[in-house]
Each structure stands twice: as C-alpha cells, then as structure tokens.
Amino acid sequence: MAPRAWNARQGPTAVGAEAAPRISPARSPRGSAHSPALKARVRSRFPRSWTRRAPSVFQRRKWFSRGVRLLRGARAAGEGPGEERDATAAALTWSTLAHLRRNFLPYGLVTAIAISVLAPGLGCAVHSLRVHKLSAPGIFLLSGLSLRLEDVRKAVRSPAPLLLGVGLISLALPWSAQVALRWPFLPRDLLCGAAVFLCMPTALSTGVQISAANGGSAALGLLLTVCTNLLSVLTIPFYVSRFLAGWGGNGLEVDAAALFTSLVRSVLVPMAAGSCARAASAGVARWADANKAKLSILSACLLILVPLAELSKSVRGGLVLPVAQLAQVTLLGFLFPAVFALVNRTACSLFLSSRTSEDKQARVTVTVTSSLKTLPSAVMVVQKMQEIVPELTGAALVPCMVFHICQTLLVSALASNDLLS
C-alpha cells in the first residue's frame, strides 16, 4: 500500500500520486456562501453527527483538529478564490451553534450561577414574580409530550436488563447519600443538596443520548428512564426523610407525606397529562416530534429559572460560597459518578450476558443510565423542601447543578472510550 500524505484541502492522498483537481463551486445570486455546490462540499468535509447527535469529548477534539487543518489550508491559499475560506467559516459557525444547542443546559446553569453571584437583582425579580414555581410541572409536562410509548414497548421484551437497571437506580445507589452526608468539610446545606441529588432516579434524556451514541439501546434507556422516574414518587420521600432525619446532630425533619404529595402533583400528574395528550391526538404527537429540539431548550430554560431565583435570593441575603467549598463539591461531583460507573459495570458483567450484540447494547445502556441522576427532580425536591424546612437556603441547589455537569462530562468520556461496555 502506497504511503499517504495529508493535503489540507483534499484530505489524505497517496505520495507521488497526482492530486485531484479542486472543484470550484458555482456562485449563486446570493453569493458564494449560499452556493448549493459549496454547501455539499462543506457537508462532505464535516460529519453530520455535529448537528444530529451528541458527540463525545474525544470526537469533538478530533473534529476540532480537522477544522484547524482546514483553516491553515485556507490561510495558506489566501491569495486564491474566497470559496475555501467561506466554506471553512460556515462549517465552524455551524459546529459552534450545534455545540451550544447540545450543551444549552450546562452553559445555562453556569450562567445562572454567575448571574446569581455577580448580579442577584435579576434572579430576585424572577423570585418575586414566582415564575420559577411553574418550572417543575412545566418540565414534566414537556417530558410527557415527548414520550414515545412505541419505543418503550420494544424494550419490554428483555426483562433482565430492565430489572437490573431499576434495582441499581432505585434501590441500591441512593444509599450513597449517606456517604455524602458524612463528608466532614462542607456545611449542612451543601451536603443536604448533594444527598438529595444522589437519591434521584436516572436522567430524563442525557442517559438515552449518551448510550445511543455509544452503541447502547435507546429503547431500553427510555424504558429505564420512565420506570425509575415514575417509581421515584415513592422512593424519594422514603430516602430523603430517612437519611436527613437521622443525620447526626444536623438532621432535618422532612414530612414524607407532604413530599410525596408534592411529587405526585409536580411530577406524576403533569407527565401523565402530557403522555395522554400525545396518545389522544396524532397532531399533538407530530407537533411534539417536529419541535423536539425547541421543547428541549424550553425545558432547560424552565429548569435554569429555579437556581437563578433561589440562589440569587440567598446571595442577596448574605450567602457566601468559598472557593474551597466549590472545589470540594466539584471533586465529589466527579467521584460519585466514577464509583457508580464501576459498580454498574461490575453488576452488568455478573448478571448480564454478552454473547450477542443485543446483550452488549443492554450492558452499555444499563451502565450509562444507572450512572446518571436527574437534575429537574432534584431541583424540584430542594424547592419543595424549602417550603417544608424554611431554614434550608438556596445553597443546597449548588451541588445539584455541579454534580449534573460533572457526571455528564465523566460518563460521556468513559462511554466514548468503551470503558462502560
């Protein structure tokens, strides 16, 4: 096989072979950047997965390096036609916008923390209008509208991965909250928020996206998400009231019955209403499928309102979070998902076979979804606990947001390197 060299414009070519002629796209009346030939050329250079699925950190790094090579090639040919520079700039613009759309929630949470600390007046205005009180029912109403029951039915055929995933998510891993509550270097409110987050079920959409992008089963991930989030109406009041009430001398008395009622009203009823509306009307189902990306961004905006309002109110009241405490929360945010991934991978290797491709998909899906926790339910539970326990401040929301960002980065990196299969 002839050795190959990299050409910045045309990709790898054989050494000594004649380079293929560069195709010059025809200009359209609106300019070279809108030429159909130029758009086809850009699509051939950059993968579709930039805009259609969530890539891993390592895939983005590889594509970024490719974009840098194209930029260097365009800079070296600066005296030639401008189509190459237009194509590179357009491709990088598209990739940047796609990256922002995929990671809208993490960037939004970081922005909410920054605004709450630097300019709490905006969050206090949101808190005074009580708009954030509508976040929890709105999020789960949109989740019900986006729920495809036909995909859920496909995963019922293999009950073993489903039972193992439900057992890990709802019965085994929530006991890790007791470990978090024994961390001796953080104040009560931060530890309370961390414990609440660890009691949550699996993430609403992140687990399905990561597992499907790395060889998992989207149908099984969706079924695990639905089952554990519906079951959480019963498990969350039990775990939260048990762990926080018996927490040494810092215990918080949480009324389990009141928390259960709030979860039914804020989670179960809106999700059931959205799912029934989708099942009753084909037009609603088509509209939800056609606007899935917009509904996801709207759900993220509703979620961002809660920490923005509650944290801003606490900062205005004199709350100060030292850098050392934030560093410890970040460390725990990476530590717990790493331990979860190890435990889940070991459990899957013990109880699930890997003889067929479907078995391998099930193992990846169970490991990924069981290693993640949902942020909307955690934020809603903290919000309801503030009504039951008034002395709990908005600082309890900080571990929930930090843990969510850390677990997404870590699990995505592990899955992209085939460390969870």
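Here is a short walk through this predicted model, with something to select at each stop.

**Stop 1: the whole chain.** Show the protein chain as a cartoon and you'll be looking at 20 helices and 2 strands. Of its 421 residues, 48% are buried. Now switch on the surface: about 20300 Å² is exposed, and carbon and sulfur atoms supply 64% of that. How do contacts link up the sequence? Take the contacts between residues at least 6 apart in sequence, and 78% of them join residues at least 24 apart.

**Stop 2: a pair of helices, α9 and α13.** Select residues 159–172 for α9 and residues 218–245 for α13; their axes come within 9 Å and cross at roughly 35°. The crossing is right-handed. To see where they touch, turn on side chains in α9, including Leu-162, Val-166 and Ile-169, and in α13, including Leu-224, Cys-227 and Leu-231. Sorted by class, this contact has 11 nonpolar residues, 4 polar ones and no charged ones.

**Stop 3: another pair, α17 and α20.** Next, pick residues 323–351 (α17) and 397–416 (α20). These two pack at an angle of about 45°, with their axes 8 Å apart. Are they parallel or oblique? That angle lies outside the range for roughly parallel, which is under 35 degrees, so α17 and α20 are oblique to each other. α17 passes α20 in a right-handed crossing. Zoom in on the contact: on the α17 side you'll find, among others, Phe-334, Phe-336 and Pro-337, and they are part of a group that meets α20 residues including Val-402, Phe-403 and Leu-410. What classes of residue does the contact have? Count 15 nonpolar, 3 polar and no charged residues.

Key. Residues numbered from 1 in each chain as written. Predicted model: local features only at pLDDT ≥ 70, side-chain atom pairs only at ≥ 80, totals over all residues. Heavy atoms only, no water. Axes fitted to C-alpha atoms, helices over the stretch in contact; angles between N-to-C directions. Helix = DSSP H or I, 4+ residues; strand = E, 2+ residues; numbered from the N terminus. Parallel < 35°, antiparallel > 145°, perpendicular 65-115°, else oblique. Left-handed = near helix turned anticlockwise from the far one by under 90°. Contact = heavy atoms within 4.5 Å. Nonpolar A, V, L, I, M, F, W, Y, C, P; charged D, E, K, R; others polar. Buried < 20%, exposed > 50% of the residue type's maximum accessible area, 1.4 Å probe, protein only. Areas by Shrake-Rupley, 256 points an atom, 1.4 Å probe, with all protein chains shown as cover.
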